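User: Let's go through this one by asking why each label applies. Please give me the value and the cut-off, then the conclusion.

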Amino acid sequence: MRAALSALLAALTEGAGGDAGRVLAEAAEGSGRPEALRAWGDRVRALLGGDPRVAGAVAAAMERHAPGSADAWYGRDHSDFRGGVFLREVVGVQVVVQQGGAAAAPEALASLPPRPGGFTGREQETAELLRALDDSAAVLVTAVSGLGGIGKTALAVGTAHLACGKGWFPGGVLFIDLHGYDEQPVSADQALQSLLRALGVAPEHIPTTADDRAVLYRSVLAQRGAVLVLADNASSPDQVRPLLPGEGRHRVLVTSRDRLSQLGARLVPLDQLTAEEARRLLELALEIADPEDRRVADDPGAAAQLADLCGHLPLALQIAAALLAEDPGMPLAELVGELAASHDRLVHLDDGERSVRAAFELSYRRLPPGQARLLRLLALAPGPEVSDEAAAALVGADVPPLRDLRALARAHLVERGSERGWWRLHDLVRAYGVGVVAGDPGLREEGEAARERVLGFYLRWADAADDWLRWLPGRAEPERFGDRAEALAWFDGERAGLVTAVGWAWEERYADAAVRLAACLGMYLEWRRYFEDWLAIARVALRATRRLGNPFHEGNAWNNLGVALREVGETAQAIEAHERARDLHRAVGNPYGEGTAWMNLGIVLRGSGEARKAIEAQTRACDLYRTIGDGHREASVRNNLGSALREDGRQDEAIDEYSRAISLYEQVGDGQRHAVALMNLGAAFAEVGRLDEAFDAYGKSLEMRRAYDDWYGMGLTFVGLAEAWEMVGRTAEACAAYLQAADALSRGNAPTEAAQARIRAAALTASPTDTPTPASPPARTADSVRPGPPRPDVPGTAGP
């Protein structure tokens with residue numbers, strides 16, 4: 001055997017690794033002494049300087065000539081190196097290695113796709129990925145996740161090119177598309193086979209079992225410099241785990257529509273592009289097709305609309321750009337018009353090769369039945385976000401479907417909303433879900449029943465919340481909410497959904513409940529000063545009540561519409577609306593509704609400068625409520641009558657009416673309107689020079705309004721207080737009060753009036769050489785009644 005081993009050393013010295021393997025194998029066959037071979041193996045390693053490349057070739061040759069002989073040299077723990085893999089530190093070229101004189105499989109370690117054209121934005125995400133890929137970071141796996149079409153692969157490939165450009169991966173890059181959402185995803189076993197071939201392992205030397213392939217894969221990588229493995233389009237952790245290297249210098253970058261948090265990876269979720277990034281993507285895509293294409297730059301407004309209609313989703317934007325590139329004469333506005341007018345935007349977001357609908361379909365069809373149903377129903381929900389409770393109503397459950405919601409969030413089909421416990425869908429995912437429902441009669445009925453349930457949920461809770469806004473001390477506390485603040489918070493959270501749900505009144509199935517819901521929202525919308533919302537639901541409710549043929553409901557709807565019209569400055573239409581409400585209520589014998597209509601008509605008339613007519617209208621309302629014996633409503637009318645008298649220059653009579661209103665409010669415990677009447681009384685005192693009494697009334701009003709967090713009311717009171725300070729020449733105090741008014745009015749959703757208060761404060765501090773700023777008109781007199789809208793299910797409750 002010594003002669004054979006001497007021949008081995010000679011062969012190695014001449015660099016003939018294959019011959020050396022044959023010689024050593026023959027020695028092994030004749031010796032039968034593996035321990036001697038191991039000893040000689042150590043001398044071989046020393047001679048080669050530990051070079052594993054030739055050692056691998058020798059081991060492979062030994063194994064071909066005498067199966068099992070390599071174990072005698074390497075030992076069982078080194079068997080992973082069999083197979084003749086020539087592990088070269090070469091990137092970007094294919095290397096053919098000799099195994100016993102035969103050509104081995106080529107390496108494919110420059111498989112990274114080209115950088116995506118037109119890529120833009122994502123600076124923050126790119127920086128985060130680079131930090132994770134840096135060899136100084138203790139991060140083995142980084143997972144980029146997001147909705148289908150969000151640009152995960154483009155980001156991962158672009159970042160990989162940057163990392164390679166920095167020289168971070170001398171061992172090369174392995175890229176594999178796992179097709180995780182196709183009908184037949186690539187299994188981990190198949191992926192390992194592909195990666196081993198890319199690493200230069202000949203097919204005949206790839207083990208047959210998945211475990212053995214994983215061992216060989218890790219062993220091969222262990223002998224190579226840092227390698228980046230980019231596993232694209234994974235759908236589960238099981239697809240990725242076997243692909244993880246055993247060495248910490250390597251990195252794995254995964255893209256998936258699911259979060260894959262089970263991998264223990266650095267998670268980098270992708271959201272839609274910003275408005276500017278979306279516009280830039282459109283511009284770049286068109287410039288690539290035609291450098292002279294200036295349509296985005298020439299019509300930025302249409303470009304912004306197009307980006308919005310594409311949901312700032314990169315795939316949708318690229319498809320839109322392709323459609324525009326196919327038709328160079330098409331203005332952006334034309335495509336915008338097509339998308340905006342379509343009942344199904346996804347029909348248009350298809351360029352023949354790519355389709356947003358098809359991208360979403362891949363994710364949808366993998367969902368379990370319960371999650372698929374929840375996604376469809378969420379697409380039908382009113383408003384941009386859905387609360388846990390509304391989601392429970394949609395699916396018809398007593399508790400929120402949190403497990404399914406979280407699963408959909410991990411799949412990026414549902415996104416977490418603005419607060420915990422809220423959820424939202426991307427606009428195009430919503431469009432996809434609506435399309436799925438529309439295309440199946442059974443699913444349409446399922447969806448209509450879900451909408452009916454959520455409308456019932458909104459009506460029950462809005463009714464309870466509205467009860468809290470109307471609640472007075474001494475009465476039984478309403479159900480569901482702990483106090484007024486909780487009721488307001490619920491309204492604030494659900495406002496968009498509530499307003500949208502009222503819009504369902506166009507459909508006969510939901511008309512009655514939607515009209516009743518509209519009546520529950522008026523007081524809240526007025527309190528928060530969401531007048532555009534109030535105007536929208538009032539118009540819908542009016543059309544629905546007229547279609548239903550109920551004059552009582554129609555009268556209430558006209559009255560609510562009139563108040564909303566008044567708040568947005570449509571005085572003539574408001575007068576007409578209240579006159580119609582008055583006549584309808586009189587015709588059906590409803591004195592409560594008629595009194596409310598007279599009162600609101602008087603408010604509009606006073607605001608339009610017809611003080612005498614306003615006094616007459618308020619007097620008619622007061623007579624009706626005194627006859628009925630409703631002191632609460634009478635207080636509201638007297639407060640407004642006082643304001644009409646002030647407008648007519650009859651301040652002393654106004655003071656009397658305000659004082660009577662305050663007394664009645666004290667009796668019923670209505671602190672909110674009591675505070676309004678005190679402010680109005682303060683203004684009347686100031687106008688007749690009774691300034692000490694004015695300051696006292698303003699102070700009491702502010703104290704009461706703070707208790708209710710009535711920021712708008714506090715703002716008006718501070719303005720009145722500032723004007724009183726001006727009357728006595730106390731400029732510093734007046735300026736401070738105007739600034740306090742501006743802050744309160746801003747918090748009360750009255751930006752125009754806040755700006756006026758700041759202008760008046762600035763005018764007081766201007767030097768004599770400054771150009772004087774015209775003072776704004778005095779703050780308007782608050783209308784204490786503006787009662788919440790009448791409740792259609794309880795006749796006679798219109799008013800406070």
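Analyst: Sure, starting with a rule we need right away: two strands count as paired if DSSP finds at least two bridges between them. Keep in mind that this is a predicted model.

User: How do you know that β5 and β6 are paired, and in which sense?

Analyst: β5 and strand β6 (residues 251-256) share five bridges, and the cut-off is at least two, so they pass. The sense is parallel. For a spot to look at, find Ala 231, which stands opposite Val 254 in β6.

User: What makes β4 and β5 a pair?

Analyst: Six bridges, again in the parallel sense, link β4 to strand β5 (residues 227-234). Ala 231 turns up here too, as the β5 bridge partner of Ile 176. Another match is Gly 172, opposite Val 227 in β5.

User: Which strands make up the whole sheet, and in what order?

Analyst: The order is β4-β5-β6-β3-β7, five strands in an open sheet with parallel pairing. Each of β4 (172-177) and β7 (266-269) has a single partner strand, so these two are the edges, with one side lacking a neighbour in the sheet. From one strand to the next, the twist averages 15°.

User: How many residues of β5 are buried?

Analyst: Eight of its eight, so to speak a full house. Buried here means under 20% relative accessible area, and β5 is mostly covered by that count.

User: Which strands are in the antiparallel sheet, and why are some of them called edges?

Analyst: That open sheet has three strands in the order β8-β10-β9. β8 (385-387) and β9 (415-416) each have a single partner strand, so one side of each is left without a neighbour, and that puts them at the edges. β9 and strand β10 (residues 422-424) pair over two bridges in the antiparallel sense. With a cut-off of at least two, that count qualifies. Arg 416 has Trp 423 of β10 as its bridge partner.

User: Why is helix α19 described as largely enclosed?

Analyst: Seven of the eight residues of α19 (residues 388-395) are buried, so the rest of the structure largely encloses the helix. Those buried residues include Asp 388, Ala 390 and Leu 394. Among the elements covering them are α18 (369-380), β8, α20 (402-410), β10 and α22 (441-470). Just after α19, Gly 396 takes a positive phi of about 75°.

User: What makes the phi of Arg 122 worth a remark?

Analyst: Most residues other than glycine have a negative phi. Arg 122 has a phi near 65°, which is positive, and it isn't a glycine. You'll find Arg 122 in the loop between β2 (102-103) and α6.

User: Is Arg 122 buried or exposed?

Analyst: Buried, because its relative accessibility is 4% and the limit is under 20%. Arg 529 is a similar story: its phi is also positive, about 65°. Arg 529 sits in the loop between α24 (511-528) and α25 (531-548), and at 12% relative accessibility it counts as buried.

User: Why is α6 called oblique to α7?

Analyst: The axes of α6 (residues 123-133) and α7 (residues 152-165) come within 10 Å and cross at roughly 55°. That angle is not under 35, not over 145 and not in the 65 to 115 range, so what's left is oblique, and that is the label α6 gets relative to α7. The crossing is right-handed. Residues making the contact include Leu 129 and Leu 130 of α6 and Leu 155 and Leu 162 of α7. Sorted by class, the contact has six nonpolar, two polar and one charged residues.

User: And how are α26 and α27 oriented to each other?

Analyst: Their axes cross at roughly 160° and come within 8 Å, α26 being residues 551-567 and α27 residues 571-587. Anything over 145 counts as roughly antiparallel, so that's the name for α26 and α27. α26 passes α27 in a left-handed crossing. Among the contact residues are Phe 552, Trp 558 and Val 563 of α26, with Ala 577, Ala 581 and Leu 584 of α27. The class tally for this contact is nine nonpolar, seven polar and three charged.

Key:
Residues are numbered from 1 along each chain as its sequence is written. This is a predicted model: local features need pLDDT of at least 70, side-chain atom pairs count only at pLDDT 80 or more; totals for chains, interfaces and linings use all residues. Side-chain values use heavy atoms; hydrogens and water are left out. Axes are lines fitted to C-alpha atoms, for helices over the stretch in contact, and angles run from 0 to 180 degrees between N-to-C directions. Helices (H or I, at least four residues) and strands (E, at least two) are DSSP runs, numbered from the N terminus. A crossing is left-handed if the near helix is turned anticlockwise from the far one by less than a right angle, and right-handed if clockwise. Contact means heavy atoms within 4.5 Å. Ala, Val, Leu, Ile, Met, Phe, Trp, Tyr, Cys and Pro count as nonpolar, Asp, Glu, Lys and Arg as charged, and the others, Gly among them, as polar. Buried means under 20% relative accessible area, exposed over 50%, partly exposed in between (1.4 Å probe, protein chains only).
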